[in-house]
Amino acid sequence: MEGKLKRNLPTLLILIIAGEMIYTLPYFRNYYYDVFLEAFNLTNTQMGSLGSAYGICCIISYIFGGYVADRFKTKHLLSLSLIMTGALGFTLLLYPPYPVLLVIYGAWGITSIMTFWVALIKAIRSLAASNEQGKAFGFFEGGRGLAKVIESALVLAMFAFVAKKLTDSMALTSVIIFYSVMCISLGLIILFIYREPVSDAAVESGEAADQTKFKWPVLFKILKMPTTWLAAILILTSYSMINSFYYITPYATAAFGASTVIAAALGYFSQYCRPIGSFSSGIIGDRIGISNMVIIGYCVLAAGLVALILLPGKPSLILLLLIFIAVIYISMYALQATHFAILVEGDYPVETTGAVAMPLMIVGYSGEVFMPIVAGACLDHFGGIEGYKVLFGILLGLTILGLLTAIVWQRMTRVKRKEIAAVKKATIVTN
């Protein structure tokens, strides 16, 4: 790591932790399901509706998140989002009734997405030079994976200790306090350490003060650019895999006779593959080109899916299954790390990140809506092992579509990629 990214490493580390911690409050109920259910006196249906309230507000936030990110200062958005998320966490300590919980979870959909996610992407882009975008997002995604592993282990240990010494309810309270304090603390830290990026073009034209205004003509121009829709397809095809990989766990049980413990371990295994895929994608991507890394990622993912589909369902082949699953997980997260790093090849300035993120997020993250429906239809219609293989076949088709899209992307961004290569060469000579 060198140059601009190295200078901004402390800020990157804080953003990595913030990018993980802000989502702990909306999702921690899934890890402490029974205790949360009892503590808040909820039914299973009400518990599920909390996730629905969060999801609906997230979808709305995806639509407007880009506008907000380009309209207000990044530092203020990140800080406000973390502080408000933590403050809402503290309201859980009152153990409010179900209607209030719905409002809290809906509000989290706004604070963690609309005012945070695109602003975070914009911040990550601003920390690195054009030839360091792969490392920036690779380290970001890989760091989030490591942070998740460490955070979950520490909090689980804390929960177990408090539950043993006191009660499960008190243990849950300690978890809520920890996550809330962390979010608020990170919000305050970012408020003091993060510096707003100012583009060279803005400085030259004397428009630096106008950088936080969302410009509709810029959005219309971006919507007319073919690369915008190619980038959206790349996110859609790879994110569909990320939305569906957890079906591998019940498939391992059905086809290979894996025990419940082994099946659960396969689910956790994905988080250990995440740093490997993300870090390697970032480092290699900056050396050989982000889009070249994307093509490699799709090829490896396709090979893993083909192997998963063709592998006979025999208990004796469970080790081979684990290898193929590792290939899928690593390539899946390698592609996720390139979602926004590749924008540098499409010649999108950092200050337009919000505008370009609007179509990318609406199209790219739509897999959250339709992939569960597709998966459910496959399993209900075909049933059993065949249903899983049909689902994996659909994912393979999307992977091939992503590969073809990446090839077209390379042809359309040839000039910009040469400019990035020239900058990289000049930087090496200078150093």
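Ala, Val, Leu, Ile, Met, Phe, Trp, Tyr, Cys and Pro count here as nonpolar, Asp, Glu, Lys and Arg as charged, and the others, Gly among them, as polar. With that in hand, welcome to a few close-ups of this predicted model.

**View 1. The cavity inside the model.** The structure holds 1 cavity of 30 Å³ or more. The volume of the largest cavity is about 60 Å³.

**View 2. Residues around the largest cavity.** Ten names are worth finding here: Ala 231, Leu 234, Ile 235, Ser 238, Val 294, Tyr 298, Leu 335, Thr 338, His 339 and Ile 342 line the largest cavity. Two elements, helix 13 (226–242) and helix 16 (290–310), each give two or more residues to this lining. Helix 13 supplies the largest share, with 4 residues. By character, the lining of the largest cavity has 7 nonpolar residues, 3 polar ones and no charged ones.

**View 3. Leu 172 and its surroundings.** Now let us turn to a single residue. Leu 172 sits in helix 10, which covers residues 168–193. Leu 172 counts as buried because its relative accessibility is 0%, and buried means under 20%. Setting aside neighbours within four places in sequence, Leu 172 is in contact with Phe 28, Tyr 32, Val 35, Phe 36, Ala 39, Phe 40, Tyr 95 and Phe 159.

**View 4. Leu 172 and Val 408.** This view pairs two residues that lie 236 residues apart in sequence. In space, Leu 172 and Val 408 are 50 Å apart, C-alpha to C-alpha.

Methods: Residues numbered from 1 in each chain as written. Predicted model: local features only at pLDDT ≥ 70, side-chain atom pairs only at ≥ 80, totals over all residues. Heavy atoms only, no water. 1 Å grid on protein atoms, 1.4 Å probe; cavity = no way out; pocket = protein on both sides within 12 Å on 5 of 7 lines; lining within 4 Å. Points joined across faces, edges and corners; volume = space filled by probe spheres on them. Buried < 20%, exposed > 50% of the residue type's maximum accessible area, 1.4 Å probe, protein only. Contact = heavy atoms within 4.5 Å.
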